[in-house]
Amino acid sequence: MIKVGIIGSTGYAGQQLVWLLHRHRETKIVFLSSYNYAGLPFSNVYPEYYQFIQDLCIDIHTVEKKLSSIDLLFIALPHGKSFAITKKALDLGVKVIDLGADFRLKNTTTYKKWYGLNHELPEFLSTSVYGLPEINKKDIKKANLIANPGCYPTASILALAPLLKHKIIDPNSIIIDAKSGVSGAGRKANVATLFAECNESIKAYGVGCHRHTPEIEQEVSNIYGQDILLSFTPHLIPMNRGILATCYGSLVEKISQEDLYKIYEDFYKDGYFIRIRKEIPQTKWVKGTNLCDIGICIDERTDRVIIVSAIDNLIKGAAGQAIQNMNIMFDIEETEGLKFISMTP
Ligand SMILES: NC(=O)C1=CN([C@@H]2O[C@H](COP(=O)(O)OP(=O)(O)OC[C@H]3O[C@@H](n4cnc5c(N)ncnc54)[C@H](OP(=O)(O)O)[C@@H]3O)[C@@H](O)[C@H]2O)C=CC1
Ligand SMILES: CC(=O)N[C@@H](CCC(=O)OP(=O)(O)O)C(=O)O
């Protein structure tokens with residue numbers, strides 16, 4: 001049994017970890033922690049867990065005392081809040097999976113520029129691993145610290161990786177147009193995600209300046225083997241969960257739809273969670289699952305390729321991917337606790 005603790009368990013991403021781990025056969029939750037709800041039962045915060053999860057939420061000081069009783073710490077806190085506890089855990093030999101962004105960007109100047117914070121643990125960046133299993137599985141196996149990818153980057157990088165690995169598109173032609181449900185913004189009060197503000201409306205935000213841009217650029221540059229700059233525009237959609245990323249690139253030479261389909265199938269042949277679809281996917285097909293559905297279209301008129309990927313932001317975009325990483329790190333079946341089909345309707 002892998003003994004785990006969850007910090008930030010009362011947020012949307014943390015709560016989703018609890019939901020998934022509850023039925024994971026190889027883990028035991030040792031503690032859940034919260035900031036505002038410390039001392040209260042988890043099921044007071046989320047009454048749907050009544051009878052199933054009886055743990056009290058503990059505070060950060062109690063977490064520190066309990067670190068030596070776990071094998072793995074999940075952290076689901078806002079940016080900039082993970083540094084101190086990550087160091088304490090790693091010093092005690094506890095592995096860490098951080099669902100936030102504090103260890104994703106390898107360059108501290110880039111982190112400062114996009115997050116407005118000084119990086120407090122630069123010495124950990126050379127060994128932290130970007131936890132996208134379909135790309136970095138070998139490194140994840142050996143890692144002690146995983147930077148779990150952002151939700152938009154997960155959908156975007158998985159959509160673009162085969163095109164870049166095989167140099168099928170001009171790397172400077174990439175445009176990503178992505179949409180997210182409101183749970184992507186977290187549970188904290190936020191005027192933009194109030195029902196009356198976002199229902200019956202769609203808006204672009206972070207246009208030209210969203211902090212996931214450098215994260216996507218870093219990872220696609222690694223895959224391509226050369227620095228890439230791209231355009232990324234996120235949109236808020238009035239639904240609870242889901243991300244749809246529509247990615248465009250200019251072909252460097254003509255390729256048939258069938259050949260490109262084969263390239264994608266081959267690239268993801270070991271990726272249980274990646275489904276290369278003959279149709280263009282919808283978020284509904286992956287809602288509540290750890291799947292990423294990818295649809296491919298060659299636009300012969302413009303010599304562009306259009307790739308559409310769909311994920312659930314809280315599962316493949318956060319908690320599910322974190323558990324997939326845990327499974328790989330602890331050498332258990334990669335799909336343990338994650339084999340769901342979306343619930344319809
Ligand atoms: N939502 C999503 O789709 C995704 C989120 N992530 C990342 O996961 C992390 C958590 O996000 P999410 O669950 O959405 O956010 P929420 O706002 O829903 O939850 C944040 C959690 O952090 C705790 N917290 C808030 N402020 C502090 C603080 N100052 N010190 C300690 N704890 C604090 C909260 O505690 P309390 O409840 O007690 O206030 C809560 O448990 C973030 O880094 C986010 O970027 C990554 C991918 C997708
Ligand atoms: C709809 C919405 O607001 N989404 C969030 C993305 C959340 C996420 O995955 O991001 P991090 O883990 O990098 O914070 C946003 O755009 O800020």
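Begin at ligand 2, whose shell divides into 5 nonpolar and 5 polar residues, with no charged residue among them. The model on screen is a predicted one.

**First selection: ligand 2**

Select Gly100, Ala101, Gly150, Cys151 and Ser180, then add Gly184, Ala185, His212, Pro234 and Leu236; these residues surround ligand 2. Keep Gly100 highlighted, for Gly100 is also one of the closest residues to ligand 1.

**Second selection: ligand 1**

Move to ligand 1 and display the 28 residues that surround it. Beside Gly100, the closest are Gly11, Ala13, Gly186 and Arg187. Two elements, α1 (12-22) and α11 (315-329), give two or more residues to this shell. Which of the elements should be coloured for its share of the shell? Helix α1 provides the largest share, 3 residues.

Next, colour the shell around ligand 1 by class: 11 residues are nonpolar, 14 are polar and 3 are charged. Colouring by domain is also informative, as domain 1 (2-127) and domain 2 (151-313) each supply at least three residues to the shell around ligand 1.

**Third selection: strand β5**

Select residues 95-98, which form strand β5. In a regular strand the side chains alternate between the two faces of the sheet. Are the two faces of β5 covered or open? Both are covered: Lys95 and Ile97 lie on one side, Val96 and Asp98 on the other, and all four are buried.

Add strand β4 (residues 72-75), which pairs with β5 in the parallel sense over 4 bridges. Within this pair, Phe74 stands opposite Ile97. To follow the connection, trace the chain from β4 through helix α4 (residues 83-91) to β5; this β-α-β crossover is right-handed.

Now add strand β7 (residues 145-147), which is also a parallel partner of β5, with 3 bridges. Here Ile97 stands opposite Ile146.

**Fourth selection: the nonpolar core**

Return to Phe74, which is among the residues with the most contacts inside the largest nonpolar core, together with Leu17, Ala155 and Leu160. This core has 86 residues. Highlight helix α7 (residues 151-165), the source of its largest share, 10 residues. Where does the core lie with respect to the two domains? Domain 1 (2-127) and domain 2 (151-313) both contribute residues to the core, so it lies between them. In soluble globular proteins, nonpolar side chains tend to be buried together.

Key: Residues are numbered from 1 along each chain as its sequence is written. Chains are lettered from A and ligands numbered from 1 in the order in which they are written. This is a predicted model: local features need pLDDT of at least 70, side-chain atom pairs count only at pLDDT 80 or more; totals for chains, interfaces and linings use all residues. A residue is near a molecule or strand if its C-beta atom, placed from the backbone, lies within 6 Å of it. Ala, Val, Leu, Ile, Met, Phe, Trp, Tyr, Cys and Pro count as nonpolar, Asp, Glu, Lys and Arg as charged, and the others, Gly among them, as polar. Domain bounds come from an automatic or database domain assignment. A residue is buried if 20 or more other C-beta atoms lie within 10 Å of its own, exposed if 12 or fewer, and partly exposed in between; C-beta atoms are placed from the backbone. Two strands pair if DSSP finds at least two bridges between them. A crossover is right-handed if, with the strands pointing away from the viewer, the path from the first strand over the helix to the second runs clockwise. A nonpolar core is a set of buried Ala, Val, Leu, Ile, Met, Phe, Trp, Tyr and Cys residues joined through C-beta atoms within 7 Å.
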